[in-house]
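Here is a friendly walk through one protein chain, for readers who like to check geometry against coordinates. Keep the viewer open as you read.

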Amino acid sequence: MPFLERSKADLFMTLARFLSAMALLCQPVLSGAAPPEAGAVEIRARDQAGRPIPGVLVEVSANGQVISRAVTDGHGQATLHELPPGQYAVAVAAQGFEPAQQGIRLAQNQSAAVEITLVPELVRKDSIEVRDTATPVEQGAAVPDQLPPQTARELPSRPATVADALPLVPGVVRSPEGGLRISGGQEHRSTLIVNSADVTDPATGQFGLTVPIDSVETLNVFQTPFLAQYGRFSAGLVSVETRRGGDQWKWELNDPFPDFRIRSYQLRGLRDATPRLNFEGPLIPPKLYFSEGFEYEIRKTEVYTLPFPDNQRKQEGINSFSQFDWVASDRHLVTATMHVAPQRLQYANINYFNPEPTSPDAGTHEYTATVADRLTLGGGLLENTLSATQFDARVWAQGAEDLTLTPVGNTGNYFARQNRNASRLGWSSTYSFAPRNALGVHNVKAGSYLAVSSDRGLVFDRPIDIADPTGQLLERITFSGGSPFRMSDFEYAFFAQDHWILSPRLALDFGLRSESQEVSESLRLAPRAGIAWNPFSRAGTVVRAGFGLFYDRVPLNVYSFDHYPNQTATFFDGAGQITAGPFLYVNGLGLVNTPSPLVFREGVAGNFSPRSETWSVQVEQPLSPFVKLRAGYMQNLSSGLVVLNRVAPDPLTQTGALLLSGTGRARYRQFELTARVRIGESRTLFFSYVRSRARGDLNDFGDFLDSFPTPIVRPNQFGNLPSDLPNRFLAWGVVPLKWGFRIAPVAEYRNGFAYAPTDALQNWVGVPYQSRFPNFLSVDCRFSKDIKVNAKYTVRLSVSSYNLTDHFNPEAVHYNVADPAYGFFFGQRGRRFTADFDVLF
């Protein structure tokens, strides 16, 4: 194809254009006087008695970006060189001491000495407190929702992975099917990066089994990241930074013993076993550090809408994350990580209408390896990250029977089998220039991203029968064709951005990003802009606003669709005679003809560029040193989304099509009011209220092409999305009590999820997703205490309670109008309690 033949030339032409654009962007910054002479900072770490503290990690940051690191020597000293004039924040951390930070300002040719006194850690740190290293204005327009991982670990739900903890963030919900929805969009419309490496599945765009929460240092969720360095999403971005090993060896064993299921005072087998082992420490102090988070999981989740014992969704697997950090010098840090997550699922997605025989089993293997190199160079920071990701998935049924769908419940065996292997090799390189003074302070950053992805496999489908409540056959869907597929893609991106601090009360963000996917034959330009303004110097008020274009990466399973089996539909009357059909529907890719001024594409099938136009405005107001309020409004208008449309068959050939087209739309609006209440030095309570509206095309391709596809393709409609939650209130945190006790409450009140009534032929009745489950209320609590056994061992005892108010929160509804029980809600999880303990050493 012409586009493919020119891809290499386009790559270098695009790079040249971006370098030229970056030069123009930086011209007012780089022109004029020669760069100022750099200085140095000497850090002296002392304890309260004035004794030097060796092995202290020292980080120097400018405008929220760490630009240099060092570790104090045996005299408690560390020197950081090549620091240009400017304002800096010095943060220090050492095992057994409270973290500390201090601001300094360097003039031209100036060096400085800073002595920092560290105080002993008063209590064992049960959470990592994320402290801002820049003023609110210096942070810019793109401020994420920060989720303290150590605090999340103490909540009643005991999240084991990053994905488990994400619904604690405003704007993030978990759908009844189990997927994550950020800004109303499906999971494949968001991106997960770990230590700057993209770890989403190249085939489906899903997050997969995310890294253990025990290995996480910072967890940020962006709904409006207006910095040009972020891309490959149109709904949201999840950014995870993992923690390195400390200066002393530390071990922690969580949930060491299994939980058993007891019914009617009798032991009825294992319920779950989730031992988690975490250890970290120096291999070659103070040069090489190691940390490991390891979890082995056997979990049998009880489905309350089915009778025991045929109601257990089973999951077994390993989740391991290893990290090595090599401090080559005070200007050079190398980090290597390895994430290994094999998993086996049995009776996936069972519920009242899909009992065990109709559910699939699955086996997945996820592997990710990264090497990141951070080097202070020329007064700036050069970062290079190389990542390799492998996703393998196999899905199979419980047997070889055809799947039968009826209004009162389904029988037979699952219809879809698949075996696929997807991989990605990516390299990102960014350079953060040293701050430059020109009508304020300019913080310029530029970078590139290159990746090669592949997806190969085979999908095999068995027949589906649709029957009425009496078992009378109404429609039969058979499948034919289908062949092994092998898709590949080469993608690249370049960006340049400037965080321009005009004054301590005003900062602007400007940036431009270019992205291209060879498989979609398109080149996309994404401008971004934002502002942070402090209108009242003494009140602490900060106003943030921004606008940006964002583009999805199109997963490779979209381009494998024409290798999937084709459907043939035949309709029957009450006597079993054919009334219509058989109609053959051929799988295919559509062509986008709608012009866009910032998208350059070839006129070929599959030239998709899903995108969103997003803007937001926020106001932050601290009420006291302990309370901060934030109110914000955002709007996300998406277009060009990939949806599956059913094309009516030709009357003569009786052949139609199932066409993936780039014509989908979505609209998400959100008003958010949040409050953070700090309790002491290390505890925070979080309160949030979100008023939102999510609407869009309902036939999102992810429902039909992921690991567990939907069996029925209905006519596409625009309406409320399944994730639409008009009102949601959420409160959670950890509160210290007397005598070393802690209480961790979680309260959530929201509208019920929407559902779509269907008829006997499984078609929608009326406007989909106008009906809702009853309002949801859950008050959970965890009460815990650490008991020190001796100088080495500590035991943490805890009791957790769920749905303390015993509110009626049904899990299912009879949604088919041909079901005699239509409209009846059921599957209530009542008040319940659990007890557990951890070992710390």
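## A tour of the chain

In strand 18, F279 is the bridge partner of W251. That pair is a good place to begin, and since this is a predicted model, everything below describes computed coordinates. W251 belongs to a pairing in which strand 15 (residues 250-254) and strand 18 (residues 276-284) run antiparallel, joined by 5 bridges. Strand 18 also runs antiparallel to strand 19 (residues 288-302), with 8 bridges between the two. Within that second pairing, P282 stands opposite Y289 in strand 19. The connection from strand 18 to strand 19 is a hairpin through 3 residues.

### The chain as a whole

Stepping back, the chain has 5 helices and 51 strands. Its C-alpha atoms fill a box of roughly 95 × 70 × 50 Å along the principal axes. How does the radius of gyration compare with that of a compact globule? For 841 residues a compact globule would have a value near 28 Å, and the chain has 28 Å, so the two agree.

Of the 841 residues, 55% count as buried. The accessible surface comes to about 34,400 Å², and carbon and sulfur atoms hold 59% of that area. Among contacts with a separation of 6 or more, 67% are made by residues 24 or more positions apart.

### Two open sheets

One open sheet has 3 strands in the order 4-1-7, with mixed pairing. Its edge strands are strand 4 (77-83) and strand 7 (112-117), each of which pairs on one side only. On average, neighbouring strands of this sheet are turned by 20° against each other, direction ignored. Strand 1 (residues 39-46) pairs with strand 4 in the antiparallel sense over 5 bridges, and E42 stands opposite T79 in strand 4.

Another open sheet has 5 strands, in the order 8-13-14-11-12, again with mixed pairing. Strand 8 (145-146) and strand 12 (197-198) each have a single partner strand, so one side of each is left without a neighbour in the sheet. Strand 8 runs antiparallel to strand 13 and is joined to it by 2 bridges. Q146 has N220 in strand 13 as its bridge partner.

If you are colouring side chains, a general point helps: in a regular strand they alternate between the two faces of the sheet.

### Nonpolar cores

In soluble globular proteins, nonpolar side chains tend to be buried together. Which residues touch the most other members of the largest nonpolar core? Of its 30 residues, they are V162, L166, L219, V238, V240 and W732. Several elements give two or more residues to this core, including helix 4 (162-165), strand 13 (216-222), strand 14 (236-242) and strand 42 (727-733). Strands 13 and 14 also appear in the order of the 5-strand sheet above.

W732 deserves a closer look. Leaving aside neighbours within four places in sequence, W732 is in contact with L147, P148, T151, L155, L168, T684, L685, F686, P745 and V746. Apart from the largest core lies another, of 23 residues, among them F583, V642, F704 and V713.

### Backbone features to inspect

Most residues other than glycine have a negative phi, and most peptide bonds are trans. The table collects some exceptions.

| Feature | Site | Angle |
|---|---|---|
| Cis peptide bond | F308 to P309 | omega about 5° |
| Cis peptide bond | G581 to P582 | omega near 5° |
| Positive phi | S183 | phi near 55° |
| Positive phi | N803 | phi near 50° |

As for the two prolines, P309 lies in the loop between strand 19 and strand 20 (312-329), whereas P582 sits in strand 35 (residues 578-589).

Where are the two positive-phi residues? S183 is found in the loop between strand 10 and strand 11, and N803 in the loop between strand 48 (794-802) and strand 49 (812-813). Are they buried or exposed? S183 has a relative accessible area of 4%, so it is buried. N803 has a relative accessible area of 3% and is likewise buried.

Definitions and conventions. Residues numbered from 1 in each chain as written. Predicted model: local features only at pLDDT ≥ 70, side-chain atom pairs only at ≥ 80, totals over all residues. Heavy atoms only, no water. Pairing = 2+ DSSP bridges. Helix = DSSP H or I, 4+ residues; strand = E, 2+ residues; numbered from the N terminus. Axes fitted to C-alpha atoms, helices over the stretch in contact; angles between N-to-C directions. Core = buried A, V, L, I, M, F, W, Y, C linked by side-chain atoms within 4.5 Å. Buried < 20%, exposed > 50% of the residue type's maximum accessible area, 1.4 Å probe, protein only. Contact = heavy atoms within 4.5 Å. Rg over C-alpha atoms; globule rule 2.2 N^0.38 Å. Areas by Shrake-Rupley, 256 points an atom, 1.4 Å probe, with all protein chains shown as cover.
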